[in-house]
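Hi everyone, thanks for making time. Let's put the structure up on the screen and walk through a couple of spots in it.

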Amino acid sequence: MSRPPARRPRARAARGVSMAGRRFEAEVGPVAHGGHCVARVQDRVVFVRHALPGERVVLEITEGTEGDRFWRGDAVEVLVSSPERVAAPCPYAGPGRCGGCDFQHVALPAQRDLKAAVVREQLRRVARLDVEVSVEAVPGDEDGLRWRTRQRYVDLPGGGRGMRQHRSHDVVAVDQCLLEAPAGPSYEVRGRVFEVPDGGFWQVHPGAPEALVGAVLEALDPRPGEAALDLYAGVGLFSRFLAEAVGPSGRVAAVEGDRAASALSERNCPGVLVRAGDVGGVLAGGLPPEWDRADLVVLDPPRAGAKRAVVEQVVRRGPRAVAYVACDPAALARDVAIFAEHGHRLASLRAFDLFPMTHHVECVALLVTDG
């Protein structure tokens with residue numbers, strides 16, 4: 001599926017004197033969605049980066065005014081450290097430095113525990129579900145490094161390059177990002193080669209396509225003769241393998257908003273019905289009548305999730321199983337709750353560490369009906 005670049009934070013009207021630069025001692029509480037932990041200072045919540053639950057730190061406020069409900073800050077000194085704290089492998093990681101990584105100061109198994117805690121908390125808070133979550137390692141990185149097969153730097157005067165600070169336009173000069181993979185992306189997945197447009201979306205972790213295809217096929221268990229919808233289909237990664245699984249007596253339709261990616265999915269997925277356009281709009285009236293019913297659905301939306309209109313178009317088709325591939329736990333939890341309103345329960349959930357050293361995590365959720 002096609003994912004737009006992350007939006008920059010919106011400027012907020014100042015509410016009193018800025019607290020930026022003020023320092024406080026604080027006990028660090030639980031991890032929160034977004035790569036930080038929660039602390040409290042002067043009856044305010046502070047979202048603190050570079051800390052770990054249970055630590056006592058000196059934090060420096062980086063954003064916030066006297067009138068704000070919450071502040072943001074960095075742990076600039078650790079007074080009592082967690083046993084899971086490690087020395088960051090990258091010299092550019094840390095307060096005031098490159099903002100690309102959230103968890104370089106955390107041992108790799110503990111990073112996965114933190115991500116699992118975030119997924120659990122979002123499902124509990126938003127979807128009212130208590131789900132056991134374990135984040136799985138994926139082959140293709142080197143102890144959490146050297147996995148990003150596409151990397152962008154900021155060009156600096158004189159031929160140098162840099163990376164941006166967290167939530168800032170400011171640039172830190174770097175020699176190389178340790179997440180950058182030694183080779184570019186490979187488009188060979190289970191022996192099938194995919195065409196991808198220049199600059200188009202493809203998972204950046206080398207092991208991601210294989211892991212996600214395997215998880216989706218295992219969850220859906222597609223059978224010969226079934227009808228499968230692949231929504232936010234990108235260049236047809238899931239469509240290709242769904243078509244092979246349902247066979248000549250089955251059918252697959254791929255819907256993707258990016259027209260360049262959609263055009264390539266026709267070449268990547270022989271025999272698949274391809275439609276380019278807004279997924280909700282295509283579902284509302286851009287498919288032949290036989291697609292009013294579908295046995296299986298794959299949802300792989302952008303970070304904002306599928307949202308109610310698309311979810312309701314999906315459940316209207318009465319699928320026996322929906323595989324939801326999610327890169328944002330909050331959006332996943334919201335959409336799982338909407339599915340539940342329509343009788344689709346969360347049957348299983350797998351989570352994958354496709355972005356080591358960052359707070360990001362990819363999930364594959366299976367939604368089914370009991371009827």
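I'll talk about one helix and its surroundings, and then about some aromatic rings.

Before that, please keep in mind that this is a predicted model.

Okay, helix 1. That's residues 108-127. Is the length what you'd expect? Well, what should 20 residues span at 1.5 Å a residue? The expected span is 28 Å, and the end C-alpha atoms of helix 1 are 28 Å apart, so the two agree. Right after the helix comes R128, which has a positive phi, near 60°.

Now, which residues of helix 1 are buried? There's a whole list, including L108, L114, V118, V119 and L123. Some of the buried ones have polar or charged names you'll recognise, among them Q111, R112, K115 and Q122. And what do the buried residues pack against? Strand 1, strand 6, helix 7, strand 17 and strand 18.

Let's take helix 7 from that set. When two helices pack, we describe them by the angle between their axes and the distance between the axes. Here, the axes of helix 1 and helix 7, which is residues 329-341, come within 8 Å and cross at roughly 35°. The crossing is right-handed. On the helix 1 side you have V118, V119, Q122, L123, V126 and A127, and they meet P329, A330, A333, R334, V336 and A337 of helix 7. By type, that contact has 10 nonpolar residues, one polar and one charged.

On to the rings. How many aromatic pairs turn up in the whole structure? Six. I'll show you two.

In the pair of F24 and W71, the ring centres are 6.2 Å apart and the planes sit at 25°, so this pair counts as stacked. F24 is in strand 1 and W71 is in strand 5, 47 residues apart, so to speak of the chain, the pair links distant parts. Both F24 and W71 are buried.

The other pair is F194 with F241. Their centres are 6.1 Å apart and the planes are at 45°, so we call this one tilted. F194 lies in the loop between strand 11 and helix 2, while F241 belongs to helix 3, again a link between distant parts of the chain. F194 has 3% relative accessibility, so it counts as buried, and F241 does too, at 6%.

One last thing to look for on screen: F194 and F241 join Y187 and W202 in one aromatic cluster.

Definitions and conventions
Residues numbered from 1 in each chain as written. Predicted model: local features only at pLDDT ≥ 70, side-chain atom pairs only at ≥ 80, totals over all residues. Heavy atoms only, no water. Axes fitted to C-alpha atoms, helices over the stretch in contact; angles between N-to-C directions. Helix = DSSP H or I, 4+ residues; strand = E, 2+ residues; numbered from the N terminus. Left-handed = near helix turned anticlockwise from the far one by under 90°. Contact = heavy atoms within 4.5 Å. Nonpolar A, V, L, I, M, F, W, Y, C, P; charged D, E, K, R; others polar. Expected span 1.5 Å × (residues − 1). Buried < 20%, exposed > 50% of the residue type's maximum accessible area, 1.4 Å probe, protein only. Phe/Tyr/Trp six-rings, centres within 6.5 Å; stacked < 30°, edge-to-face > 60°.
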